[in-house]
Amino acid sequence: MAVDRERVERLTRELLEAIGEDPDRPGLKQTPSRMAELYTEFFAGVGEDAAAPLARTISISRGPAPETLPSGAVLLRDIRFRSVCEHHLLPFAGHAHIAYLPGEQVVGLGALVKVVEILAARPQVQERLGEQIADTIAEHLDARGVLVVLDAVHGCVTMRGGRQADASTLTIAARGQYSEPVARAELITLIGTLRQAQGPEQ
């Protein structure tokens, strides 16, 4: 479902008036249209099929490179994402790390990124976002195990309440073989070790 831009503009004007501002003053005159454009981008995933990017798979044994059979997990780390917390409509952003243990079919790595982008472009909470990513991959890809780790900074923590500027939130969602803590421990350690080796974020 497309964002109703006209309605967003109208409601933004009402919001500005409700906080005692003049929506027609020079600094705010274009704010309603800017908000409509912003919300169109931020909530583009509402109503979109997050599984669609996974529809095109590659056979491991009959694909273009059968001599390169993966013997372990496929791990894609440091996928940048941003979303909007549904509690206060403030942004949260960070990195997603996705691992899956392939069966007969694998998927292009860009498809995993697209799954994250579609599900993040909705009003969200981080815990549910990780679970939705894991469910989408587990249900629509031939995977024996799926692990999704999200590490994000939330505006509702850094800008309001306790205002903890350095606080970040880590969530883990696991399916299949990675539901066992021992099975996923190596991957979680690997993600943490590699991120430490990177040093401060660029």
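**Two pockets and two helix pairs**

Trainee: What's the volume of the second largest pocket?
Mentor: The second largest pocket has a volume of about 200 Å³. A pocket here is an open set of points on a 1 Å grid over the protein atoms alone, where a 1.4 Å probe fits, with protein on both sides within 12 Å along at least five of seven lines; lining residues have an atom within 4 Å of a point. Volume is the space filled by probe spheres set on points joined across faces, edges and corners.

Trainee: Which residues sit closest to its centre?
Mentor: Glu-41, Arg-82, Glu-117, Ile-118 and Ala-121, out of 13 residues that line the second largest pocket.

Trainee: Before we go on, what kind of model is this?
Mentor: It's a predicted one: local features need pLDDT of at least 70 and side-chain atom pairs 80 or more, while totals for chains, interfaces and linings use all residues. Residues are numbered from 1 along each chain as its sequence is written, and side-chain values use heavy atoms, without hydrogens and water.

Trainee: Good. Which element gives the largest share of that second lining?
Mentor: Helix 3, with five residues. Helix 3 (109–120) and strand 2 (74–85) each supply at least two residues there. Helices (H or I, at least four residues) and strands (E, at least two) are DSSP runs, numbered from the N terminus.

Trainee: And how do the residues of the second lining divide by class?
Mentor: Six are nonpolar, one is polar and six are charged. Ala, Val, Leu, Ile, Met, Phe, Trp, Tyr, Cys and Pro count as nonpolar, Asp, Glu, Lys and Arg as charged, and the others, Gly among them, as polar.

Trainee: Now the largest pocket. What volume does it have, and which residues lie nearest its centre?
Mentor: Its volume is about 380 Å³. Of its 15 lining residues, Val-3, Asp-4, Val-8, Tyr-39 and Phe-43 lie nearest the centre. Helix 1 and helix 2 are the elements giving two or more residues to this lining, and helix 1 gives the most, with five.

Trainee: What classes turn up in that lining?
Mentor: Twelve nonpolar residues, one polar and two charged.

Trainee: How do helix 1 and helix 2 cross?
Mentor: The axes of helix 1 (residues 5–18) and helix 2 (residues 31–42) come within 8 Å and cross at roughly 130°. Axes are lines fitted to C-alpha atoms over the stretch in contact, with angles from 0 to 180 degrees between N-to-C directions. The two helices are therefore oblique to each other, oblique being what is left after roughly parallel (under 35 degrees), roughly antiparallel (over 145) and roughly perpendicular (65 to 115).

Trainee: Which residues of helix 1 make the contact?
Mentor: Arg-5, Val-8, Glu-9, Thr-12, Arg-13 and Leu-16, meeting a set on helix 2 that includes Pro-32, Met-35 and Tyr-39. Contact means heavy atoms within 4.5 Å. By class, this contact has six nonpolar, four polar and four charged residues.

Trainee: And helix 3 with helix 4, at what angle do they cross?
Mentor: Roughly 135°, with the axes of helix 3 and helix 4 (residues 126–140) coming within 10 Å. Helix 3 and helix 4 are therefore oblique as well. The contact is made by Leu-112, Val-115, Val-116, Leu-119 and Ala-120 of helix 3 and Leu-129, Gln-132, Ile-133, Thr-136 and Ile-137 of helix 4. Eight of those residues are nonpolar, two are polar and none is charged.

Trainee: Switching to the backbone: what is phi at Asp-78?
Mentor: Near 60°, a positive value in a residue other than glycine. Asp-78 lies in strand 2. Leu-89, also not a glycine, has a positive phi of about 55° and sits in the loop between strand 2 and strand 3 (91–102).
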